[in-house]
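Dear colleague,

I am passing on a structure that I would like you to look through at your own pace. Please open it first, and then read the notes below it with the picture beside you.

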Amino acid sequence: MKNYGKFGGQYVPKELKIRLDEIANAFNEAKKDKNFVNEYLNYLNQYVGRPTPLYYAKRLTEYAKGAKIYLKREDLNHTGAHKINNALGQILLAKRMGKKHIIAETGAGQHGVATATVCALFNIKCTIFMGDVDIKRQNVNVEKMKLLGATVKSVDGTLKEAVDEAFSYLQENPDAFYLIGSAVGPYPYPEIVKYFQSVIGKEARKQILKLEKKLPKALVACVGGGSNSIGLFSNFIKDKDIDIYGVEAAGLGIETGYHASAISTNKIGIMHGMKTYLMLDEKDNIKEAYSISAGLDYPGVGPEHAFLNFNGRVKYSSITDKEAVEAFKLVTNMEGIIPALESSHAIAYALKIARNYSKEDSIIVNLSGRGDKDLENIFDYIKNNMD
């Protein structure tokens, strides 16, 4: 799907369009090929460790005093996050196309680690573009990427600039395959990422029906570019009686201007080859995003999320740094699970809305990754901001 209503599209130079159309054609053929699909599913099962559990968070539920809270445990995937689902699918596509060099962008580093991992698995050259700001705050993941054999290229800025650099490289190097990490960018990338992340929603639907004998009343997932969330939402969108919530990063507070909540601005523009909601200043220049969470530190949102907001199917809200850190501490102390800061935004929002539902109802929260990568940031934040 090239367009999601007035969002999406392929706003790119002619040279890049040639590369993208090549990828789109290969993808559309591959997903019809049973051998390709079976190989992908086999690696998910034998290498990634799927299916991931849908875990009933009993103590969190008791704390929230509302609906039962279930956590979709993407943190238990190999490499510690949902990113491996998509990295594995795309590298199989790249192999099918005969590509010899994988490039990728990363913010929190989880997509970079996932990409470096699958490149090591298939013995393919790997280059990761990463903002210098993120390199400093995600040093553990940077070292993991290097250990896995990837070259990490520093770019001035954060995730936005890393994506810019990757697209520029793809345009100039026909032997490269850009393994994009989120449901953003020009067609066909949002569709590709959704396809490979939809395994989350497929599993969650089967699991909740087995556990509760009925569908959940609500879904909650964090939204930066939006891959983990679109993966969960995709298998429930048509169920009109299920409330779906996407949670962006409010940073220091929307009113301060230091945030990464693109949808809240209600401004539409073009970035990274797509039309979507963006953080724009009064001159329509893209503003710098801010979040304690590197994976949500993005001044836009995937085009399908923009469409789902525009048509009202999904309700988008935001959580501050402070609220996310409090949720991080709660989950760690009450469930013995250390969540990623990105996921902590979703958990914080689920705790807010749980009382809106009956104790017989359920909410599925996508715990998109583990928080090992965030511990240094968390400790610094608590030291500087908490009593």
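What follows is a description of the chain as a whole, then of a pair of rings, and then of one lysine.

Please keep in mind throughout that this is a predicted model. The chain is built from 16 helices and 15 strands, and its C-alpha atoms fill a box of roughly 55 × 45 × 40 Å when this is taken along the principal axes. For a chain of 387 residues, a compact globule would be expected to have a radius of gyration near 21 Å, and the value of 19 Å found here agrees with that. Buried residues account for 61% of the 387 residues. If you take the contacts between residues at least 6 apart in sequence, 74% of them join residues that are at least 24 apart.

Turning to the surface and the charges, the accessible surface of the chain comes to about 15500 Å², and 49% of it belongs to carbon and sulfur atoms. The chain carries 51 positive and 45 negative charges, and the mean positions of these two groups are 6 Å apart.

The aromatic rings deserve a slower look, since the count comes to 13 aromatic pairs. One of them is formed by phenylalanine 27 and phenylalanine 196, whose ring centres are 6.2 Å apart; because their planes stand at 65 degrees, and an angle over 60 counts as edge-to-face, the pair is edge-to-face. This pair links distant parts of the chain, given that phenylalanine 27 sits in helix α1 (residues 14–30) and phenylalanine 196 in helix α9 (residues 189–197), 169 residues apart. Are these two residues buried or exposed? Phenylalanine 27 has a relative accessibility of 4% and therefore counts as buried, while phenylalanine 196, with a relative accessible area of 0%, is buried as well. Ring pairs also link Phe27 and Phe196 with Tyr40 and Tyr195 into a cluster.

Lastly, you may want to find lysine 153, which lies in strand β7 (residues 151–155). Its relative accessibility is 44%, so lysine 153 counts as partly exposed, a class that lies between the limits of 20% and 50%. Leaving aside the neighbours within four places in sequence, lysine 153 is in contact with Thr127, Ile128, Phe129 and Met130. Lysine 136 is 17 residues away from lysine 153 along the chain, and the C-alpha atoms of the two are separated by 13 Å.

With best wishes

Notes. Residues are numbered from 1 along each chain as its sequence is written. This is a predicted model: local features need pLDDT of at least 70, side-chain atom pairs count only at pLDDT 80 or more; totals for chains, interfaces and linings use all residues. Side-chain values use heavy atoms; hydrogens and water are left out. Helices (H or I, at least four residues) and strands (E, at least two) are DSSP runs, numbered from the N terminus. The radius of gyration is taken over C-alpha atoms; the globule rule is 2.2 Å times the number of residues to the power 0.38. Buried means under 20% relative accessible area, exposed over 50%, partly exposed in between (1.4 Å probe, protein chains only). Contact means heavy atoms within 4.5 Å. Accessible areas come from the Shrake-Rupley method with a 1.4 Å probe; for residues, only the protein chains shown count as cover. Lys and Arg count as positive and Asp and Glu as negative; His and the chain ends are not counted. The place of a charge is taken as NZ of Lys, CZ of Arg, CG of Asp or CD of Glu. Rings of Phe, Tyr and Trp (its six-membered ring) pair if their centres lie within 6.5 Å; planes under 30 degrees apart count as stacked, over 60 as edge-to-face and the rest as tilted.
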